[in-house]
Amino acid sequence: MEPTQKIAPKTTLQAVRGMNDILPADSGKWEFFEATVTRVARQYGYRNMRTPIVEPTPLFVRSIGEVTDIVEKEMYSFEDKLNGEKLTLRPELTAGLVRAAIEANLTYNGPVRIYTMGEVFRHERPQKGRYRQFNQFDVECFGFDGPDVDAEIMIMTARIWRELGLNDVRLEINSLGNPDERSSYREKLISHYEANLTALDDEAKRRLHTNPMRILDSKVASVIEVNKTAPNLLDSLQDESRAHFESLQQLLHDANVPFVVNPRIVRGMDYYNRTAFEFVTDRFGSPMTICGGGRYDGLFEQLGGKPTPSIGFGMGVERVLMMLDDAALQADYERLDAYIVHAGESARLAAGKLAESLRDAGLAVAQHAGGGSFKSQMKKADASGARFALILGDNEVAAGTIAVKPLRDAKGNAIVGEQAIITGSSAAEHLRRR
Ligand code: ATP
Ligand code: MG
């Protein structure tokens, strides 16, 4: 064992840059989000699956593609000092899920619908909505040709926005064709860039012959300008891909899910083909993508599996949470039904029993811990956000009663209510009544 690093006793340690803590005051939003997406995914017949945060580096290089932003400059890769293995903190969720699906022969009995949520890591410059550790909610449909399931995941996502109360999210779709169509498009694209070489930055020039479609995704102003007149991939589509794309649009129409066709969507990973889509918001000034995905019909084979046409998406959880209004949500996910205030040994015992019986009845109850006067305990009860304070003193214990003081209304607003005396056996009923 190497000696552990010496840390001066007074040094405060800080989180890694671009990696955030989620404190109790913010976690209500997260729980609301998780509960909502889980419920909706289950309503559509999706099942949960979870894979490790660390995967062998070649998994991402082979799937996402060598000449992409993620693989070229954003991956947290390291060598396991104990055995020399090359490992990477997952920069997205699809590759690991596909690896696991192949390993477990998950589609043996037919196609499967999967959802998952978890941390992903990218070494980017941190800024609003861009972190080095962030979370994705992710959906994958393994073994489906589409376009029915392509439409399904967009319809499902549209429902998620409605249930989260978001109405300023726009769906943009595109088709990236199949590998043949892309290679004929590639030639046209290279000629276009060669005719505009002076406008390309070094990165674009470097990618011109290795991965020209990546240049369409550039964020450099002069390149964005050249991209405006670039040939359109949709014009290179043959009958089958065109029919797939048209049928997807019809299905979205039928389901009343509005969309626009945006031929500039190329997505940041090489594994996509045919359907590509993004959900975009203009809430933060410039357009921000909060969810992106597409079809990856060749990925299973590329990773050593059987042909398994598939589609999926990744939703940036932090970006979605930036759009949620906290006030209303917090209340639901943070509210305690009761806070039990107690003084004296017999009251402490009675409080413990009362708390457990209320929890048996499904209520959320905090029992005061740490002693203190009634007055200071009542302050804690107030601060807890609980709807009621339940007060137990010697008198109450002797009489077998509880003093109940309402603290909050149904919306979580503080109220000044009359104190009532109830019996222990009616406590659960009393708390439920409002
Ligand atoms: P961008 O173009 O903003 O870099 P991307 O194309 O790299 O996004 P994807 O790889 O498609 O994004 O990831 C899916 C979603 O994850 C994005 O739509 C976005 O909401 C979110 N996301 C991507 N990178 C970050 C990041 N560094 N921090 C927070 N969220 C992110
Ligand atoms: Mg990116």
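Q: OK, starting small: in β4, which residue is the bridge partner of Ser77?
A: That would be Thr88. Keep in mind that this is a predicted model.

Q: And how do β3 and β4 run relative to each other, parallel or antiparallel?
A: Antiparallel, with four bridges joining β3 to β4, which covers residues 86-89.

Q: What's the strand order in the sheet they belong to?
A: The order is β2-β4-β3, an open sheet of three strands with antiparallel pairing. β2 (54-56) and β3 (76-79) are the edge strands, so to speak: each one pairs on one side only. From one strand to the next, the twist averages 35°.

Q: Which helix packs on that sheet?
A: Helix α2, residues 57-64. Helix α2 touches β2, β3 and β4, and its direction makes about 75° with that of β2.

Q: Switching topic: ligand 1. Which residues come nearest to it?
A: There are 16 residues around ligand 1, and the nearest are Arg122, Glu124, Arg130, Tyr131 and Arg267.

Q: How far is the side chain of Glu124 from a nitrogen atom of the ligand?
A: An N or O atom in the Glu124 side chain is 2.7 Å from a nitrogen atom of ligand 1.

Q: What about backbone atoms, which residues have one by an oxygen atom of the ligand?
A: Thr289 has a backbone N or O atom 3.1 Å from a ligand oxygen. For Ile290, a backbone N or O atom lies 3.3 Å from an oxygen atom of ligand 1.

Q: How much of ligand 1 does the protein bury?
A: The protein buries 91% of the 590 Å² that ligand 1 exposes when taken alone.

Q: Which strands supply at least two residues each to the shell?
A: Those are β6 (133-142), β10 (288-295) and β11 (310-316). β10 gives the most, with three residues.

Q: And what's the shell made of, by class?
A: It's a mix around ligand 1: six charged, five polar and five nonpolar residues.

Q: Back to sheets. What's the order in the one with five strands?
A: That open sheet goes β13-β12-β14-β15-β16, and the pairing is mixed. Its edge strands, β13 (365-367) and β16 (420-423), each pair on one side only. The twist here averages 30° from one strand to the next.

Q: In what sense do β12 and β13 pair, parallel or antiparallel?
A: Parallel, over three bridges, with β12 being residues 338-342. If you want to find a bridge in the 3D view, look for Ala338, whose partner in β13 is Val365.

Q: Which strands does α13 lie across?
A: Helix α13 (residues 345-360) lies across β12, β13, β14 (388-392) and β15 (401-406). Its angle to β13 is about 165°.

Q: What about α14, which strands does that one cross?
A: Helix α14, residues 374-383, lies across β12, β14 and β15. The direction of α14 is at about 170° to β12.

Q: Last topic, backbone oddities. Is the peptide bond from Gly146 to Pro147 cis or trans?
A: That bond is cis, with omega near 5°. You'll find Pro147 in the loop between β6 and α5 (148-164).

Q: And what's the phi of Asn256?
A: Positive, about 60°, although Asn256 is not a glycine.

Q: Where is Asn256 found?
A: Asn256 sits in the loop between α9 (239-254) and β8 (260-261).

Conventions:
Residues are numbered from 1 along each chain as its sequence is written. Chains are lettered from A and ligands numbered from 1 in the order in which they are written. This is a predicted model: local features need pLDDT of at least 70, side-chain atom pairs count only at pLDDT 80 or more; totals for chains, interfaces and linings use all residues. Side-chain values use heavy atoms; hydrogens and water are left out. A residue is near a molecule or strand if one of its heavy atoms lies within 4 Å of it. A polar contact is a pair of N or O atoms within 3.5 Å; within protein, one must be able to donate a hydrogen and the other to accept it, and residues adjacent in sequence count only if both atoms are side-chain atoms. Accessible areas come from the Shrake-Rupley method with a 1.4 Å probe; for residues, only the protein chains shown count as cover. Ala, Val, Leu, Ile, Met, Phe, Trp, Tyr, Cys and Pro count as nonpolar, Asp, Glu, Lys and Arg as charged, and the others, Gly among them, as polar. Two strands pair if DSSP finds at least two bridges between them. Axes are lines fitted to C-alpha atoms, for helices over the stretch in contact, and angles run from 0 to 180 degrees between N-to-C directions. Contact means heavy atoms within 4.5 Å.
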